Amino acid sequence: MIRSAIEIKGLKKRFGKQIVLDGIDLSVPSGVVYALLGPNGAGKTTLINILSTLTVPDEGSVRVAGFDVVTEKNKVKMSISLTGQFAAVDEVLTAEENLMMICRLSGLTAAEARSRTAELLSRFDLVSVAKKRVKTYSGGMRRRLDLAISLVVSRPIIFLDEPTTGLDTTSRRALWDVILRLKEQGITVFLTTQYLEEADQLADLISVIDGGKVVATGTAAELKSRVGDEVIELLNGNDEIIRSVTTSGSLHDVSRTLNELAAKVPPDLRVNIRKPSMDDVFLALTTKETERSIS
Ligand SMILES: Nc1ncnc2c1ncn2[C@@H]1O[C@H](COP(=O)(O)OP(=O)(O)OP(=O)(O)O)[C@@H](O)[C@H]1O
């Protein structure tokens, strides 16, 4: 097995005059769940499109499964699965019919296709709805079928662009289980998400991009400890957080921050002190200093 599933050096991408990716360096080890976070428009989808050979980089070197995305495009394609884009789900067909069709199109014999379809229906918890038309499915079922279709042919790396957007909590957690099972099979999962808790729960490694650059990479715990040790929150009578400030956790820093806040806010606010969350990390890394200043 190759050590780095993805290796990016000095990647740049412009659309017209807009520089979307401005010198990205990233290394994703094989067999991990890797989450890419960033504000809207940060270039996450553009990066996934480059990694999956749908968009050509302007500068830099991008290798996926050891292959160059420009000069060895077909080898990259043979090494990856991409949900939502290559997977064309037919709404009029059932899940079983969709899977059988993709299996046959992928070159499996009828017997192999039946066996693979049964396996995927079971793995993605779709057996009970296998004979129902896809247009009657919930968002969660639909997303699981998308994922099942993209896994008809087993590939070492899978890209998931916002896999759980729009799903309810139960469906989201079911999909997290599926993602963790992919990892157990040694598949490298590269995902983007707008749910920071998702990155926190699922990802072995997280990168945050902003302004066209990688602003931080690490485990959830590493990123949280970079932000600070204790977060001071001020709450109003309705338990709404009206201000949140990250501190180093030292007695000196906590007391200084409390004194500064006490001088500026109404005296009846309550104080809560807690450990940093991924939301704090995201805000600290992607918001300008002046915007998160306590004054
Ligand atoms: N084909 C294109 N032509 C021109 N501009 C593009 C193209 N694709 C993306 N962009 C621009 O590049 C920027 C980054 O877009 P991208 O979709 O990669 O961001 P994102 O981080 O995935 O955003 P979101 O979280 O909103 O999905 C945006 O300003 C977008 O308008």
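## Reading a two-domain model

Modeller: Let's start with the overall layout: the centres of domain 1 and domain 2, taken over C-alpha atoms, are separated by 35 Å. Please keep in mind that this is a predicted model.

Colleague: Which residues belong to domain 1 and which to domain 2?

Modeller: Domain 1 covers 4-220, while domain 2 covers 224-292. Where they touch, domain 1 puts in 12 residues and domain 2 puts in seven residues. On the domain 1 side, α7 (196-202), β9 (205-210) and β10 (213-218) each supply at least two residues. Helix α7 gives the most, with four residues. By class, that side of domain 1 has eight nonpolar, one polar and three charged residues.

Colleague: What pLDDT does the chain average?

Modeller: The average pLDDT is 88, and 95% of the residues score at least 70. Do watch residues 289-295, where the pLDDT is below 50. Beyond near neighbours in sequence, that stretch has seven contacts in the model. For the model scores, ipTM is 0.96 and pTM is 0.82.

Colleague: Thanks! How many helices and strands does the chain have?

Modeller: You can find 11 helices and 13 strands. The C-alpha trace spans about 75 × 45 × 35 Å along its principal axes. Of the 295 residues in the chain, 35% are buried.

Colleague: Now the sheets, please. In what order do the four strands of the open sheet stand?

Modeller: The general idea first: strands of a sheet pair through backbone hydrogen bonds, either parallel or antiparallel. Here the order of the open sheet is β2-β1-β4-β5, and the pairing is antiparallel. The edges are taken by β2 (18-29) and β5 (67-68); each has a single partner strand, so one side of each lacks a neighbour in the sheet. Looking further in, β1 (residues 4-15) and β4 (residues 59-64) run antiparallel and are joined by five bridges.

Colleague: Which residue in β4 does isoleucine 6 stand opposite?

Modeller: Isoleucine 6 faces valine 64 there.

Colleague: Let me turn to helices. Why is α1 largely enclosed by the rest of the structure?

Modeller: A general point helps: an α-helix has 3.6 residues a turn, so residues three or four places apart point the same way. In this model, six of the eight residues of α1 are buried, so α1 is largely enclosed by the rest of the structure. The buried ones are Lys44, Thr46, Leu47, Ile48, Ile50 and Leu51. Just after α1, look for threonine 53, which takes a positive phi of about 70°.

Colleague: And which residues are around the ligand?

Modeller: They are Phe15, Val20, Gly38, Asn40, Gly41, Ala42, Gly43, Lys44, Thr45 and Thr46. Helix α1 (residues 44-51) contributes the largest share of this shell, three residues. Sorted by class, the shell has three nonpolar, six polar and one charged residues.

Colleague: One last residue to practise on: where is valine 32 found?

Modeller: Valine 32 is in the loop between β2 and β3 (33-37). A count of neighbours tells you how covered a residue is: 20 or more other C-beta atoms within 10 Å make it buried, and 12 or fewer make it exposed. Valine 32 has 16, so it is partly exposed. Leaving aside residues up to four places away in sequence, valine 32 touches Thr188, Asp204 and Leu205. Compare glycine 66: valine 32 is 34 residues from it in sequence and 16 Å from it in space, C-alpha to C-alpha.

Conventions:
Residues are numbered from 1 along each chain as its sequence is written. This is a predicted model: local features need pLDDT of at least 70, side-chain atom pairs count only at pLDDT 80 or more; totals for chains, interfaces and linings use all residues. Two strands pair if DSSP finds at least two bridges between them. Two residues are in contact if their C-beta atoms, placed from the backbone, lie within 7 Å. A residue is near a molecule or strand if its C-beta atom, placed from the backbone, lies within 6 Å of it. Ala, Val, Leu, Ile, Met, Phe, Trp, Tyr, Cys and Pro count as nonpolar, Asp, Glu, Lys and Arg as charged, and the others, Gly among them, as polar. Domain bounds come from an automatic or database domain assignment. pLDDT is the predictor's confidence in each residue, from 0 to 100.
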